Amino acid sequence: MAGINGTVSWQIQPLDWFNSNLAGSFWDYRSNYLKSVNDPLRYQVLWTSAGVTEGTEPSSGNFSSNSGDVVNVIFKVETTVGDGYWQELGSIKKSRDIANKKYDDGSQPLGHRFTVDISQLVSNELSYSLCPINKGTWQSNYYGGMNGGLTMQDNVLGASGGAMGTPVSRYNVSRNGTYRLLKVSVNYEIINGDGEIVSATGGGTSNTITVINSVNQFEKDSLFYNSSYNMSTSSSNKYKFLSRCPNSTDSSPLTYHFQKPIRIDEQAEYLQFYIRNIRSTSIITGDDTVGTVGLYVETFLADGTAENQFYLRDFEDNIITDNSNNGYVTPEEYQNAMFVQNVSPYYINNTTNLIGLSKKSPTNSPSNYPYWNTYTGNKITSNTAYYRVSMSRFAMWSPYTERRTSKYRYYTIDREDEKNAYGFVRFHWLNSVGGIDSYTAKRDVVEGLTISRDVIERKSGDRTWYQGQKNNNDTIFDTSLYHSDTMRGGDIYKGGREVSNVNAERVQSVYTEPLNKSVSKWLEEMMLSPNVWIEMDTEATEMGNTRNPYLRPSDKEYIPVIITNSDVETVNQEAGLVKFNIEYTLAHKVITQRN
């Protein structure tokens, strides 16, 4: 196969450093591994060859020693969720960019540049991943929870089990829709001595990044994420969970915190977070190896007195481990994955998967990893006023230093009794930073139906002729000959205008509590989200819990809804606090009969 004249090098890619071609082109040199799939994802390569400027045409006359001028660059786009199975999304063949000229003398820069933006191609691969209600975490980071996208084909059965096959297919699940690892490789087409366009050897691969289904807000983000959502080795307690809810702060006193209200019976309050590097800089002298991680939960009384402390660690089961360190089992340094943890009061009080403050020393036996003691103390009690959650990492070696590496999240216990006649409405939605947020609205619940009918007109019954019956000696049809209760002429129960079809939607609305500015600006994301759900308890969801309580550990389920508000007021200086009237309809339409 032919080669290329000159060389090809990367110019622009979403991830690069100060000593690259990006230096001086972009602030901070784009050195963040976590990117938004809804921002431009530009890739550019530069082909340089002797005497070639941007305006120089590739020539067959330059073909020599089986190498020629580059005409096209082929960008191959591949993604994975970290399990090693790269999927090719597509290839983009790109001719060189439009030539540039200097404004003063008209001269052109050297080489040919080839630039593509692949964000629209990759964005179709990302949606959301819901953890089942009342589950601590999803089963696998690779496959996530209840993923968005197309409904998977569900008719594949295994070979065993006779004619019916095995009841569960291994082929009807999709990989996690929350995040993708992304890389782009390039190959070339050249012009040979006969003027033909042929493939050439060579090529290269970009740096690997992670993309998530988030949106960069111009008025909120100076540079997307600015690394603060990308949990890595820092010990500065700066890392954020994937939510813009303002219940996260490090300032004091505690009375100034916004504490997100959460009811004691709520089963699904999830924190999602992305971990790139699980190590922690110098967590002990001369070493940054982390042995285990957990979400540290601290409960408090109304006066701020500390009450109970424990750790949630369900998500740790999804951490990739490495046993190459003299037989010790440690978390692999680079996780590059999305994690989720249930921090709801109901789950905390009803799970046995809590861990205590003291830790066992690690041994050479992998079965002793992670090295926690089981927690048996009080959890969230009737006296608990609020609690806070943060991420802690622990050194692998003595003295097993604990280090907080995230901001706090604060929750206040809402003990208002739920109305008997009108239940509260709990919403979940895909938020702007690629996680799942939740909120319970409790005021002025309204339900109803919006109905339209398709009407047709049919022939009316003939009232002139009524079929008789045998009476005395009349020779009319005997009643025994009737096969149904119809009669000639008297069938006026149908005909005229008839409804051929009923179209109905179940419409509902509910008001929030009075909201201050920061909370209302956060809650407006629900109105902007393409994916919103409410929790519902139905016969179908109860059956799911009965049939498989591991897969569906709650008798509640996420039911998709469409927010129908055309406008929403988030700030009103005159009124002060504002309330949202959330109007929505069930995404599953009301099913009606056809005539």
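The following dialogue examines how terms are applied to this predicted model.

Mentor: Residues are numbered from 1 along each chain as its sequence is written. In this predicted model, local features need pLDDT of at least 70, side-chain atom pairs count only at pLDDT 80 or more, totals for chains, interfaces and linings use all residues, and side-chain values use heavy atoms, with hydrogens and water left out.

Trainee: How many helices and strands does the protein have, and what makes a run count as one?

Mentor: There are 4 helices and 32 strands. Both are DSSP runs numbered from the N terminus: helices are H or I with at least four residues, and strands are E with at least two.

Trainee: Why is R313 called buried and D317 exposed?

Mentor: Buried means under 20% relative accessible area, exposed over 50%, and partly exposed in between, with a 1.4 Å probe and protein chains only. R313 has a relative accessible area of 9%, so R313 is buried; D317 has 54%, so D317 is exposed. Of the 595 residues of the protein, 45% count as buried.

Trainee: What makes the pair R313 and D317 a salt bridge?

Mentor: The term requires a side-chain nitrogen of Lys or Arg within 4 Å of a carboxyl oxygen of Asp or Glu. The N to O distance between R313 and D317 is 2.5 Å, so the pair qualifies. The structure holds 24 salt bridges.

Trainee: Which parts does the salt bridge between E269 and R426 tie together?

Mentor: The side chains of E269 and R426 meet at 2.7 Å, N to O. E269 lies in the loop between β14 (260-263) and β15, and R426 in strand β26 (residues 425-430), so the parts tied together are 157 residues apart in sequence. Both E269 and R426 are buried.

Trainee: How do you know that E535 forms a salt bridge with R426?

Mentor: The closest N and O atoms of E535 and R426 are 3.5 Å apart, so the pair satisfies the salt-bridge criterion. E535 lies in strand β30 (residues 532-536) and R426 in β26, so this pair joins parts 109 residues apart in sequence. E535 is buried, as is R426. Salt bridges that share partners join K260, E266, E269, R426 and E535 into one network.

Trainee: What makes a set of residues a nonpolar core, and how many residues has the largest one?

Mentor: A nonpolar core is a set of buried Ala, Val, Leu, Ile, Met, Phe, Trp, Tyr and Cys residues joined through side-chain atoms within 4.5 Å. The largest has 55 residues, and those with the most contacts inside it are F273, L295, L312, Y387, V389 and Y558. Its largest share, 5 residues, comes from β15.

Trainee: Which residues does V389 touch?

Mentor: Contact means heavy atoms within 4.5 Å. Not counting residues up to four places away in sequence, V389 touches L271, L295, Y296, V297, V343, K407, Y408, R409 and Y411.

Trainee: Why is an enclosed space called a cavity, and how many are found?

Mentor: On a 1 Å grid over the protein atoms alone, a cavity is a set of points where a 1.4 Å probe fits but cannot get out; lining residues have an atom within 4 Å of a point. Grid points are joined across faces, edges and corners, and a volume is the space filled by probe spheres set on the points. The search finds 3 cavities of 30 Å³ or more, and about 90 Å³ of space lies in the largest. The largest cavity is lined by 16 residues, of which S243, E269, Y270, L271 and D437 lie nearest its centre.

Definitions and conventions. 1 Å grid on protein atoms, 1.4 Å probe; cavity = no way out; pocket = protein on both sides within 12 Å on 5 of 7 lines; lining within 4 Å.
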